[in-house]
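Q: I am new to this structure and would like a close look at a single part of it. Please take the surroundings of the ligand as the starting point, and go outward from there.

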Amino acid sequence: MLGVVHHDDVVEIVLANPPVNALSVQLRSALAKALSDALSFPHVRGVVIRGQGSFFCGGADINELEQHNDPWLPDLIDRIEAAGKPVIAAIQGDALGGGLELAMGCHYRLATPSAKLGLPEVKLGILPGAGGTQRLPRLAGAETALDMIVWGEPISALRALERGIVDRIVDQDRIVAEAVAYARSGQGIRRTRELPFVASDEAFDLFKSKNTRRLRGLHAPAACVEAVRAAAQLSFDEGLRREHELFIGLVKGEQSLALRHLFFAERSARKIEGLGKDIARRTIRKVGVIGGGTMGTGISINFLSRGIPLTIIEMDPDGVARARNFITASYNTAIAKGNLSEDQVEKALSLLEVTHDFSALSGCDLVIEAVYEDIELKKDVFRRLDRIADSSAILATNTSFLDVNKIAAVTSRPNDVLGLHFFSPANIMKLVEVVRGTETGPDVLATAIEVSRKIGKVPVVAGVCDGFIGNRMLTPRQANAEAMLVEGATPEQIDRVHIDFGMPMGPFQMLDLAGLDVGWHRNPARIDNIKDAICSRGRLGQKTKAGFYDYGDDRKPRPSEVVEQIVGEFRERAGIPLRRIADEEIVVRTLYTMVNEGAKILEEGIAQRASDINVVWVYGYGWPRHKGGPMYWAERIGLQTIVDGLTRYRDRLGSTFTLSPLLKKRAAEGRSLNNE
Ligand code: T1G
């Protein structure tokens, strides 16, 4: 749990609680004792605190946040700060949350160049509760403190040095020796709590007014601002009390519970039921992508940006040029936005090959097919791939709904085949549905999860069905949204209900963005549903500046009289009476039906666990993180509430609707949808 090393008159305390040195009650107890012992030795002139492994400390133990076990972290940090001998933090790896707070309670801080320092508590719906909101402003000023605490993003050691959070940058192989020397150097004791901090009240009001949109509806960021404000208004100890008060107000709140659920859900999603952590993984040194369209190039950028050589196959020289130009333009935008440096882009582009020579795929360890969504076309590609690709290569299809088993079946190696369903824009959206075919090998699955994480994605394992997890749950939502449009709701009303709920956009805005012609039969004379009727008038969405909404050059959706007329004509032909539709009905028929579909996905084993479904919707569709995902949200409002709502509107849900037996059963039993 903790190591102690004696360097003559300096004691080095090493936090050793793998994997991230989280400050569990055991580690805190061991640290309190080791510190007390070290300071009690007359010959000891100072103490160094370091983390074992690649983290200084990943913060308080998130499992213990609602517990108050002694030694309480704020008290322990106060003891470090009050020590009569210098205590030096040797930050050889990331110092996050309570880990950075611990370091700020030390008298000096040395850090290695690659170390990151951050206070990400706000991402868990809380705030730094061990003095971070009071010490950071004293070290780095109000602007840096607000930026780091309210948004929760870590900064580099170099930036921390510039901001006054770190005193020196020292290489990995010398940081202990330098810290020991620093402890021995007789540099007086500098207590952070004694540093002055002055900031006007207006600075905090201005920060809040400038970030109204980003802060809207969220409890933790606003509380973070007030905690830092307290550091300017109150004495240090009064500020600590205010910080604690605000922390307690958040830690039991619905938003923090949901955010902490998601933290662990994202990590559970990487685990494959029945497979141990030690399953062998294949090495991915080179990647091939077939198809240099929007998806293929977006997928490619993920690998190139992480230093993985990649070959894109296009049909002909024009396709080759288009693909390369698209990638270059995307990277130039990243430079213009300051997201990447010119050197980083130059390195990424140096790893890219674009060709129409299919045999260039030999030598790739992973090939991702991203051609048009047509099963016969994909089968042809995989037949060719089967002949060309190395015997150890993993063959993945980026299909968003086609049957991965049927694609695998045309190859001689179905155990090497699976789906990697990226979400558009593929270089931005973090979700990857890792679609396991019936024959997909465990090592292939484990490798796909590992390489997805390596390129910064959040993988979730899905079984084969129409739409896998996310898009399958979209189906009842879209069907009911379109039905309610014909019955009397408007696109604006339905979308507003979703935006008020916290979604980034509503069903009709999403359809206009994706394009109404995705999956359209393209026969304007054939009008089976309202979407066909809209498409038949050439209204394909944002790309035609007309879909369910009208769009100006600003791409803002405006209610369309033409759509109103099309819907009216469709309603008349269908003989559907016009009626007023309440928001509640929209919630039941679009959100409750999604939960019902999610329960079926669980019943069928398409998703391994309910929390995986939450990860899919948060990372793939923008479900508000502070509402935990559809299945978590359903549990919080009550599964019986969901069942009762669906029962109440049963006549409106169409003849094909069936209530999930699992949902009904667990609701009746008062149990969770998780497999406990
Ligand atoms: N507490 C408990 N478990 C943790 C943990 C933590 N702080 N951090 C990570 N784990 C587990 C994680 O669940 C996983 O478990 C394993 O460690 C590896 O994590 C008072 C109140 C540090 C950047 O928010 O951001 O301090 O799945 O897969 O990708 O003010 O973990 O293996 O069983 O994520 O290398 C504030 C949270 C806490 C940081 C490493 N700290 N952690 O990423 O590994 S609140 C945080 C992370 C606090 C104080 C407040 C990341 C990481 P398992 P991993 P990684």
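Which residue has a backbone N or O atom that lies 2.9 Å from a nitrogen atom of the ligand?

A: The model is a predicted one. The residue is Gly-58: one of its backbone N or O atoms lies 2.9 Å from a nitrogen atom of the ligand. Two side chains also come up to the ligand through polar atoms. Glu-121 has a polar side-chain atom 2.7 Å from a ligand oxygen atom, and Lys-271 has a polar side-chain atom 2.8 Å from an oxygen atom of the ligand. Taken alone, the ligand exposes 1,000 Å², and the protein buries 77% of that.

The shell around the ligand has 31 residues, and the closest are Glu-101, Glu-121, Arg-267, Arg-270 and Lys-271. Two elements give two or more residues to this shell, namely α3 (98-105) and α12. Helix α12 gives the most, with 3 residues.

Helix α12 is also the place of Ser-256. Ser-256 has a relative accessible area of 1%, so it counts as buried. Leaving aside residues up to four places away in sequence, Ser-256 touches Leu-124, Gly-125, Ile-126, Leu-250 and Val-251.

After helix α12 (254-268) comes a loop that leads to β11 (287-290), and Arg-282 is in this loop. The side chain of Arg-282 meets that of Asp-443 in a salt bridge, at 2.9 Å from N to O. This pair links distant parts of the chain, since Asp-443 is in helix α18 (residues 442-454), 161 residues apart from Arg-282. Asp-443 counts as partly exposed because its relative accessibility is 22%.

In general, side chains of opposite charge can pair when their charged atoms come close. A search of the whole structure finds 54 salt bridges. One of them joins Arg-589 and Glu-585, whose closest N and O atoms are 2.7 Å apart. Both residues lie in helix α24 (residues 583-603), 4 residues apart, which is about one turn of the helix. Arg-589 and Glu-585 are both buried.

Another pair within a helix is Arg-159 and Glu-162, with a salt bridge of 3.7 Å from N to O. These two are separated by about one helical turn because they are 3 residues apart in helix α6 (residues 157-163). Arg-159 counts as partly exposed, because its relative accessibility is 39%. Glu-162 has a relative accessibility of 54%, so it counts as exposed. Elsewhere, salt bridges link Asp-78, Glu-81, Arg-135, Arg-193 and Asp-237 in a network.

The nonpolar parts remain. The largest nonpolar core has 70 residues, of which Ile-49, Phe-56, Ile-91, Leu-100, Leu-136 and Ile-165 touch the most other members. Not counting residues up to four places away in sequence, the residues that Ile-165 touches include Leu-100, Leu-136, Arg-109 and Ala-160. There is also a second, separate core of 50 residues, and among its members are Leu-262, Val-404, Leu-591 and Tyr-649.

To return to the starting point, the ligand has Gly-58 at 2.9 Å through a backbone atom, and it has the side chains of Glu-121 at 2.7 Å and Lys-271 at 2.8 Å.

Note on methods:
Residues numbered from 1 in each chain as written. Predicted model: local features only at pLDDT ≥ 70, side-chain atom pairs only at ≥ 80, totals over all residues. Heavy atoms only, no water. Salt bridge = Lys/Arg side-chain N within 4 Å of Asp/Glu carboxyl O. Buried < 20%, exposed > 50% of the residue type's maximum accessible area, 1.4 Å probe, protein only. Core = buried A, V, L, I, M, F, W, Y, C linked by side-chain atoms within 4.5 Å. Contact = heavy atoms within 4.5 Å. Near = heavy atom within 4 Å. Polar contact = N/O pair within 3.5 Å; in protein donor to acceptor, adjacent residues only side chain to side chain. Areas by Shrake-Rupley, 256 points an atom, 1.4 Å probe, with all protein chains shown as cover.
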